[in-house]
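Please open the model in your viewer and have the selection panel ready. The tour moves from one selection to the next and says what to look for at each stop.

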Number of protein chains: 2
Amino acid sequence: MEHFSADSLSDFSTAIFKKIGCSTEQAELAARVLASADLRGIDSHGIARLIGYVRLWEKGRINARPNITTVHQTPSTAVVDGDQGLGLVVAPEAMKIAMEKAAKVGTGWVAIRNSNHFGIAGYHAMLPLQQDMIGVAMTNASPLVAPTFSKDRLLGTNPIAVAIPAGTEPPFVADFATTTVANGKLEILQRKSQSAPLGWIQTSDGAPSQNPKEVANGGALLPLGGDKEHGSHKGYCLGAWVDIFSAVLSGANYGPWVPPFVAFLEPSANPVGKGMGHFVGAMRTDAFRPVEEFKQHMDQWIGAFRSAQPADGQEKVLIPGDPEREQEVLRKKQGIPLLPPVSDSLRQLSEKFGIAFPAKV
Amino acid sequence: MEHFSADSLSDFSTAIFKKIGCSTEQAELAARVLASADLRGIDSHGIARLIGYVRLWEKGRINARPNITTVHQTPSTAVVDGDQGLGLVVAPEAMKIAMEKAAKVGTGWVAIRNSNHFGIAGYHAMLPLQQDMIGVAMTNASPLVAPTFSKDRLLGTNPIAVAIPAGTEPPFVADFATTTVANGKLEILQRKSQSAPLGWIQTSDGAPSQNPKEVANGGALLPLGGDKEHGSHKGYCLGAWVDIFSAVLSGANYGPWVPPFVAFLEPSANPVGKGMGHFVGAMRTDAFRPVEEFKQHMDQWIGAFRSAQPADGQEKVLIPGDPEREQEVLRKKQGIPLLPPVSDSLRQLSEKFGIAFPAKV
């Protein structure tokens, strides 16, 4: 695998986003969101997706110069219309509004419609940390997930992220798909020609499957829990919650109507809303108790969990956010490893737009 | 099994709560919360727990005449001190405050300290439905759950409930523990002398176990997902999120310090906060879009999921809240079935307090 510096990848993405018409500011922001995924080790949501955004733009499904507007609001809520802009820039804009509301009335909650893929949820949830606020971000996604007992695919991997500031400890950052696994894990198995554990996927008839190509064959990803006996109805509840907050509150498309990320699949001819939906929130910690007191207790919480006795055969107990932080340290030093299909996609973009191929490390 | 009418059980609980010193109003409210669990089929959280509350009161760990106060607030948030009152009455009081705040500024979020077991989360989350609001309720609980990779028990079953109003359809009501299963399922297996599926529990060394008595032997319940390969780190994130919102925001005890529900186990001698913690919220739907528009789309959302094709061998796809509604219809007709140990506990209370044993149906 070739390794690239995060900066060179970020410069490359910025240049491409500018080529499709984004303002410098929005291009830099969008590139930063992708780079944060690559640094944190969430390869499926980083620069690997750049060509996907370009293809959607070519199809006229992304507006590079969006007029992002607030269409409704109260002191603690807003609905934002992303005007088909990149989710990568619409979501941070919406979070800014949530944080402004939180600064005034304690919390701010923004539902977003008419957007598209917003990258990693964790990036957006972490924005409020700078102001000693808790951040929440969720989004719906293309329908690839079958609810418990269903053979139809009605939900996306619908991730939830929650970021909570601490004092001397690093922040608590949970960021996870509400399925047993996201699609990226299946792609890894396909490349290695390995089978998937039971509980990840089902066939198009709704039968358990271990074939990592099953989703491409019309099968489905399964909600967190995998099957009813292991609580998949809870994962279904979580994914449904994310879908409703992201889209029914905002006026975006939900369930089977969510537009696909891939440009070769057309969005529904009978949409029930506008584009994809997200939901973000910010809560001032001092809307509940003094910041220093809150942080001291978060440090104590983290300390208690970090010092838990590992199960036999395990090295240590992790705090949500630890694995991504470890990746970030490593990748800042060693560069971002890109698989051949990903670096090939960058070569294609480099030639098409006349932008220098990013520097390897 | 003996069957009792919900009303007779509710009258019995009310009488007992009054005997321990609760006001009529609070006794009736507490009884109503327990009865709603029994009606909805969540037997572990209904009248089966009545004797547990009485025992805690006998130990001086429940205050029957609490002075429930708001200790801090902003326009959209509050921290409530439950003064060691029954969680069954403290949580509805806190939700009332959340709803008042939502009426004014769009949303209201209340963190609660110095409380104890609040019954089913769903009861509290459903309160805002009457005012076309979305309700959220969560609580921490006695540490019986091991985080991923841990042999120590640091979290409770920490449930989350979300209730969302619809139009002609019944509301969406998700209410679930953030573990693969809650303790009640293990008790059922113990009575039947059956073994548990893998992914529910582990031994005190952190090894997989199928022995339903394992938790009593120092083992642990597992976060939703069961093991890392099936996403237990996501269930751990969820349980941790609930713990932090319920207790670090409010100033209650968190993690291993959460006081046990059972009276024979003493609370920590070095508490990090006051009592147990909850977190509740209310969001006006019209803080996002007109109520009728929201409800019409919720109906369409529910319709799409309800009409999904069932997987081979399954009857139908359910909407969160359906199983509990079906139980409620059935139990209103046939009465509440109580297992012999539960009816025995009521006989004990009946004799001890001189209250007539509830009428069977």
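The stops below take in the pairing of the two chains, then a helix of chain A, and finally a pair of helices in chain B.

Keep in mind throughout that this is a predicted model.

**The two chains together**

Begin by displaying chains A and B together and superposing one copy on the other: chain B can be laid on chain A with an RMSD of 0.0 Å, by a turn of 180° and a shift of 0.0 Å along the axis. That combination is the relation of a two-fold axis. To find the axis from the side of chain B, select B:Gly225, whose C-alpha is the nearest to it in that chain, at 2.4 Å. The same surface serves both copies, since 100% of the contact residues of chain B recur in chain A.

**The side of chain B that touches chain A**

Next, select the contact residues themselves, where 69 residues of chain B meet 69 residues of chain A. On the chain B side, the elements that each supply two or more residues are the strands β2 (69-74), β3 (77-81), β4 (107-115), β6 (160-164) and β7 (172-176), together with the helices α7 (232-248) and α8 (291-306). Of these, α8(B) gives the most, with seven residues. If you colour this side of chain B by residue class, 40 residues will appear as nonpolar, 21 as polar and eight as charged.

**Helix α2 of chain A**

Now move to chain A and select residues 24-40, which form helix α2; at 1.5 Å a residue its 17 residues should span 24 Å, and the end C-alpha atoms are indeed 24 Å apart, which agrees. Twelve of the 17 residues are buried, so α2(A) is largely enclosed by the rest of the structure. Among the buried residues are A:Gln26, A:Val33, A:Leu34, A:Asp38 and A:Arg40. To see what surrounds them, add α1 (6-19), α3 (50-58), α4 (87-105), α5 (121-126), α9 (322-334) and β12 (336-338) of chain A, against which the buried residues of α2(A) pack. Then step past the end of the helix to A:Gly41, which follows α2(A) and has a positive phi, near 90°.

**A helix pair in chain B**

For the last stop, return to chain B and select α3 (residues 50-58) and α10 (residues 340-353), whose axes come within 9 Å and cross at roughly 45°. The two helices, α3(B) and α10(B), are therefore oblique to each other. Show side chains for B:Leu50, B:Ile51 and B:Val54 of α3(B) and for B:Ser345, B:Gln348 and B:Leu349 of α10(B), which make the contact. By class, this contact has four nonpolar, two polar and no charged residues.

Notes. Residues are numbered from 1 along each chain as its sequence is written. Chains are lettered from A and ligands numbered from 1 in the order in which they are written. This is a predicted model: local features need pLDDT of at least 70, side-chain atom pairs count only at pLDDT 80 or more; totals for chains, interfaces and linings use all residues. Two residues are in contact if their C-beta atoms, placed from the backbone, lie within 7 Å. Helices (H or I, at least four residues) and strands (E, at least two) are DSSP runs, numbered from the N terminus. Ala, Val, Leu, Ile, Met, Phe, Trp, Tyr, Cys and Pro count as nonpolar, Asp, Glu, Lys and Arg as charged, and the others, Gly among them, as polar. The expected span of a helix is 1.5 Å times one less than its number of residues. A residue is buried if 20 or more other C-beta atoms lie within 10 Å of its own, exposed if 12 or fewer, and partly exposed in between; C-beta atoms are placed from the backbone. Copies are superposed by least squares on the C-alpha atoms of residues with pLDDT of at least 70 in both. Axes are lines fitted to C-alpha atoms, for helices over the stretch in contact, and angles run from 0 to 180 degrees between N-to-C directions. Angles under 35 degrees count as roughly parallel, over 145 as roughly antiparallel, 65 to 115 as roughly perpendicular and the rest as oblique.
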